[in-house]
Amino acid sequence: MRLQYLTLSLICCFQFPCTVNAQSIVGNWKTIDDVSGEAKSVLTIKEADGVYSASVAEILDPEVKDINPLCLECPGDKRNTPIKGLDIMWDVKSTGKSKWGKGKIMDPENGKVYGCKLSLMTKDKLKVRGFIGFAALGRNQYWYRVYAPE
């Protein structure tokens, strides 16, 4: 009987750290405007076959949320598409424990596309680094997890 408890205890000890460290970025995230500090949008991060993408789920800016503006400066097939529903991050892959990168992120206000790296700071805070060329030449933005009301 003691051997069964010892075995069960060891299994739990080795399983628990794996599940705690395996945090996911999939879900809804609130973005904050760099200038005003106000909530700007809610993005939905999805994963398919190990590749992550994000689209605009909701526009929070009261001046434009009801009109769903078009992305006038976006490149290619994204040009003149409504911002709500627009894919703004694509081709992101896991690069290590709680880190993702090798993808692209677009600023829908000016249509510029940047390389991106993501780091999960806590289960509810995501550091997003957009850069041109090298990650050292970029800026950070923090996104905050949004939970569905119960």
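Let's start with a pocket. T95, K99, W100, G101, K102, K117, L118, S119, K127 and R129 line the second largest pocket. About 160 Å³ of space lies inside this pocket. One caution before going on: this is a predicted model.

Who builds that lining? β5, β6 and β7 each supply at least two residues to the second largest pocket. β5 has the largest share, with four residues. Now sort the lining by class. Two residues are nonpolar, three are polar and five are charged.

How do we find such spaces at all? Rolling a probe the size of a water molecule over the atoms shows where empty space is left.

Now the largest pocket. Its volume is about 770 Å³. It has 35 lining residues, and the closest to the pocket centre are K40, D107, P108, E109 and Q141. Six elements give two or more residues each to this lining: β1, β2, β3, β5, β7 and β8. Which of the elements gives the most to the lining of the largest pocket? That is β8, with five residues. By class, the lining of the largest pocket holds 21 nonpolar, six polar and eight charged residues.

Next, the fold. The protein has one helix and eight strands. What order do they come in, from the N terminus on? The helix leads, and the strands follow: α-β-β-β-β-β-β-β-β.

Those strands make a barrel. It is closed, it has eight strands, and it runs β1-β2-β3-β4-β5-β6-β7-β8 with antiparallel pairing. Neighbouring strands of this sheet are turned by 35 degrees against each other on average, direction ignored. A quick reminder for newcomers: strands of a sheet pair through backbone hydrogen bonds, either parallel or antiparallel.

Let's walk through some of the pairs. Take β1 and β8. They pair in the antiparallel sense over three bridges. Look at N28 on your screen. The bridge partner of N28 is V146, in β8.

Now β3 and β4. β4 covers residues 87-96, and the two strands pair antiparallel over four bridges. Find V51. Its bridge partner in β4 is K93.

Then β7 and β8. How many bridges join β7 to β8? Seven, and the two strands run antiparallel. One place to look is K127, which stands opposite Y142 in β8. We have met K127 already, in the lining of the second largest pocket. β7 and β8 also form a hairpin, with six residues between them. In the turn sits G133, with a positive phi of about 80 degrees.

That brings us to backbone angles. Most residues other than glycine have a negative phi, and most peptide bonds are trans. G133 is a glycine, but two aspartates deserve a look.

The first stop is D49. This residue has a positive phi of about 55 degrees although it is not a glycine. Where is D49 found? In the loop between β2 and β3. Is D49 buried or exposed? D49 counts as exposed, because its relative accessibility is 81% and the cut-off for exposed is over 50%.

The next stop is D91. Here phi is positive too, at about 60 degrees, and D91 is not a glycine. D91 lies in strand β4. D91 has 41% relative accessibility, so it counts as partly exposed.

Now the cysteines. How many disulfides does a search of the whole structure find? One. The disulfide joins C71 to C74, with 1.5 Å from S to S. The link of C71 and C74 is right-handed, with 65 degrees about the S-S bond. Both C71 and C74 are buried.

What about C116? C116 counts as buried because its relative accessibility is 1%, and buried means under 20%. For the whole protein, 27% of the 150 residues count as buried.

Let me recap. Eight strands form a closed barrel with antiparallel pairing. The largest pocket has a volume of about 770 Å³, and β8 gives the most to its lining. In the second largest pocket, the largest share of the lining comes from β5. One disulfide turns up in the search, and it links C71 to C74. D49 has a positive phi, and so does D91.

And keep in mind that all of this describes a predicted model. Thanks for listening.

Note on methods: Residues are numbered from 1 along each chain as its sequence is written. This is a predicted model: local features need pLDDT of at least 70, side-chain atom pairs count only at pLDDT 80 or more; totals for chains, interfaces and linings use all residues. Side-chain values use heavy atoms; hydrogens and water are left out. On a 1 Å grid over the protein atoms alone, a cavity is a set of points where a 1.4 Å probe fits but cannot get out, and a pocket is an open set with protein on both sides within 12 Å along at least five of seven lines; lining residues have an atom within 4 Å of a point. Grid points are joined across faces, edges and corners, and a volume is the space filled by probe spheres set on the points. Ala, Val, Leu, Ile, Met, Phe, Trp, Tyr, Cys and Pro count as nonpolar, Asp, Glu, Lys and Arg as charged, and the others, Gly among them, as polar. A disulfide is a pair of cysteine sulfur atoms within 2.5 Å. Buried means under 20% relative accessible area, exposed over 50%, partly exposed in between (1.4 Å probe, protein chains only). Two strands pair if DSSP finds at least two bridges between them. Axes are lines fitted to C-alpha atoms, for helices over the stretch in contact, and angles run from 0 to 180 degrees between N-to-C directions.
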